[in-house]
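The following paragraphs lead through a predicted model, moving from charged pairs to helix packing and then to the interior.

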Amino acid sequence: MARVYNFSAGPSTLPESVLEICAKEMMDCHGTGQSVMEMSHRSKAYEPIIEGCEAKIRELMQIPDNYKVLFLQGGASLQFAMIPLNLKQKGKVAFVDTGVWAKKAIDEAKRFMDVVDVVASSRDKGCNYIPHIPEIKGDYDYVHITINNTIVGTKWGYLPDTGDVPLVADISSSILSEPLDVSRFGLLYAGAQKNLAPAGVTLVIIREDLIREDLPNTVPTMLRYDTHANEGSMFNTPPTYTIYVMGLVLDWIKANGGAEGMAKRNYEKANLFYDHLEKSSFYRPTTALDSRSIMNIPFVFTEEDAEKVAAMNKKFVKEAAAAGLVNLAGHRLVGGMRASMYNAMSLEGVKALIAFMDKFEAENK
């Protein structure tokens, strides 16, 4: 069967050249006579894989020397708990609520923090925009934002000023999609299954002064950043194969111009798609113009009859899949369709989707 264009919000499409290397090295990686899946994480064969992966992420993201790079597990969802457990001192935290994942982080923080302030929210308009808050003041342990919101298709186009308070961000669905100044943050975290690797590893980039060794004894050993920082992410067995694939994806990103190259690639795809939606009388985007994600683009029909729309949604997704364009159903909270265009999605894939949309419109208008 021919390869499809996978518009899934995650796990997402991977570069074909990376998959080809994985297939080639599945039985014998680098002349070791074994698959990476079989390697001991403490072996001489695996050591350059994890160390090389860290070096590559440091180079591509220009991570300052006073930040640790950790390869953890549990996804971004576990970070919702680890962050307050590790950063709590005053017991007060500020959040900006821009959608489902921000709300999940808020709810988890309430289990551990004494005060959880939602200093801004976009729920008044269904989270279809990023609120403008140039400055956040307060006696907080940290301020948390979700840079890109996969479900509603919004992204931060600026960073709020938090003064001396550490800024923490979930960058799961936007990491290395464009340049990001790591020095503006105290902590960044990302589930890998959007832009970096298959599901299984979570990347945490944390400023060293935020890694505390005086945490309460009630914080489990595995949920302490110092546990993993002191052991080079080797306190227990890390997700070895996923880290190996991440290294290959990082090689692909570097070969294609790094973060700057990805930004050029991603804005070209997104601008082409948004332009098509704006010119259409049949489809429309759902997010505010100044807050649009370049990774996740929800769109709906302009038809207003709910029954007709529901039938058209199902027909669109089914016929698109038959045409080799898969995972285009919108999230149940938004409805309609959603095209996720992570780094590995090609311009050809976006053009193929647009061509299908034109065909569907001609047949169903």
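At 37% relative accessibility, D275 counts as partly exposed, whereas its salt-bridge partner K279 is exposed at 66%, because that value lies over the 50% cut-off. The closest N and O atoms of D275 and K279 are 3.1 Å apart, and both residues belong to helix α7 (residues 258-279), where four residues, about one turn of the helix, separate them.

This pair belongs to a set of 17 salt bridges found in the whole structure. Another of them joins D251 to K56, again with 3.1 Å between the closest N and O atoms, but here distant parts of the chain are linked, since D251 lies in helix α6 and K56 in helix α2, 195 residues apart. Both ends are partly exposed, D251 with a relative accessible area of 34% and K56 with 26%.

The two helices that carry D251 and K56 also pack against one another: the axes of α2 (residues 47-61) and α6 come within 9 Å and cross at roughly 35 degrees, in a left-handed crossing. Among the residues making the contact are I49, I50, C53 and K56 of α2 and Y244, M246, L250 and D251 of α6; by class, the residues of this contact divide into ten nonpolar, one polar and four charged.

Helix α6 (residues 240-255) leads on to the interior, for with ten residues it gives the most to the largest nonpolar core, a set of 58 residues in which M61, F71, Y244, M246 and L250 are among those with the most contacts. Beyond its neighbours within four places in sequence, M246 touches C53, F71, A192, L196, A197 and V201. Apart from this core lies another, of 29 residues, including I297, F299, I354 and F356.

Key
Residues are numbered from 1 along each chain as its sequence is written. This is a predicted model: local features need pLDDT of at least 70, side-chain atom pairs count only at pLDDT 80 or more; totals for chains, interfaces and linings use all residues. Side-chain values use heavy atoms; hydrogens and water are left out. A nonpolar core is a set of buried Ala, Val, Leu, Ile, Met, Phe, Trp, Tyr and Cys residues joined through side-chain atoms within 4.5 Å. Buried means under 20% relative accessible area, exposed over 50%, partly exposed in between (1.4 Å probe, protein chains only). Contact means heavy atoms within 4.5 Å. Axes are lines fitted to C-alpha atoms, for helices over the stretch in contact, and angles run from 0 to 180 degrees between N-to-C directions. A crossing is left-handed if the near helix is turned anticlockwise from the far one by less than a right angle, and right-handed if clockwise. Ala, Val, Leu, Ile, Met, Phe, Trp, Tyr, Cys and Pro count as nonpolar, Asp, Glu, Lys and Arg as charged, and the others, Gly among them, as polar. A salt bridge is a side-chain nitrogen of Lys or Arg within 4 Å of a carboxyl oxygen of Asp or Glu.
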